[in-house]
Amino acid sequence: MKLETQHRHHDGHLIDVEIHCRFFENDGEELVFASSRDISKRKIAEAKLRRYQRLVEHSGDMLVMLDMAQCHQIINPAYAEILGMAPDAITGKTLASVLGDMPYRQISPYIEVALQGEALDFVFSRQCAAANRTFKATSRPYFEDQIQTGIALTLHDISALTEAQNSAKNEAEMAKRYLATTQTMMVALDPDGNVSMINDAGCR
């Protein structure tokens with residue numbers, strides 16, 4: 001029989017222990033042989049692992065672990081949700097088969113570099129749930145016993161930022177074209193009253 005419990009250390013603090021019990025008979029008398037070992041370090045490691053698991057599961061960013069064959073080994077719920085797929089439909093599948101041909105071709109050169117042990121950042125786009133999404137990806141090599149066994153990807157959705165930047169760029173281009181073609185003189189002055197900008201109409 002095996003059980004886990006806590007014992008009080010001689011200095012007063014509690015420690016986690018694993019107890020093994022074995023019943024046996026000696027000269028007709030039933031006896032119990034019990035041994036215990038300190039498992040405090042294991043319990044601390046397990047608690048730390050659970051905290052990491054909660055962090056991964058509740059992260060707003062998409063977290064992915066790929067092996068050297070580019071197959072999904074570990075994913076978090078955010079990754080499956082943005083792709084609109086069940087986690088079981090992703091795990092074990094290659095990155096190319098999950099992302100699709102066009103998005104994969106965008107990032108495959110970066111993935112190949114990452115598989116050579118280099119850390120890098122890159123940006124790519126993919127159609128997700130009837131909307132085009134833009135992601136900033138951070139790739140880091142993953143090692144076990146000093147041997148690279150895969151890569152860890154963090155994907156951050158920057159679609160809103162990209163859309164805002166594109167919108168601001170378009171508005172700036174429209175304003176530039178308006179200033180160049182309008183017949184109305186337009187002048188901008190700095191705080192000292194000096195001309196800082198004048199359009200073509202103002203120069204004529």
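A cavity here is a set of grid points where a 1.4 Å probe fits but cannot get out. By this rule, the predicted model holds two cavities of 30 Å³ or more. Tyr79 appears in the lining of the largest cavity and in that of the second largest.

**Nonpolar core**
- The largest nonpolar core has 26 residues.
- Tyr79, Leu95, Ile107, Ile111, Phe122 and Phe124 touch the most other members.
- Helices H2 (77-83), H3 (95-99) and H4 (101-114) each give two or more residues to this core.
- Strands S4 (62-67), S6 (120-128), S7 (131-144) and S8 (147-157) also give two or more each.

**Tyr79 contacts**
- Beyond its neighbours within four places in sequence, Tyr79 is in contact with Met62, Leu63, Val64, His72 and Ile90, among others.
- Its contacts also include Leu95, Val98, Leu99 and Leu155.

**Largest cavity**
- The largest cavity encloses about 50 Å³.
- Its lining consists of Tyr79, Leu95, Leu99, Ile107, Phe122, Phe124, Leu153 and Leu155.
- H3, S6 and S8 each supply at least two of these lining residues.
- The lining counts eight nonpolar residues, with no polar and no charged ones.

**Second largest cavity**
- The second largest cavity has a volume of about 40 Å³.
- Tyr79, Ile82, Leu83, Leu99, Phe124, Arg126, Phe135 and Leu155 line this cavity.
- H2 and S6 are the elements that give two or more residues to this lining.
- H2 gives the most, with three residues.
- Seven residues of this lining are nonpolar, none is polar and one is charged.
- The charged residue is Arg126, because Arg counts as charged.

Definitions and conventions
Residues numbered from 1 in each chain as written. Predicted model: local features only at pLDDT ≥ 70, side-chain atom pairs only at ≥ 80, totals over all residues. Heavy atoms only, no water. Core = buried A, V, L, I, M, F, W, Y, C linked by side-chain atoms within 4.5 Å. Buried < 20%, exposed > 50% of the residue type's maximum accessible area, 1.4 Å probe, protein only. Helix = DSSP H or I, 4+ residues; strand = E, 2+ residues; numbered from the N terminus. Contact = heavy atoms within 4.5 Å. 1 Å grid on protein atoms, 1.4 Å probe; cavity = no way out; pocket = protein on both sides within 12 Å on 5 of 7 lines; lining within 4 Å. Points joined across faces, edges and corners; volume = space filled by probe spheres on them.
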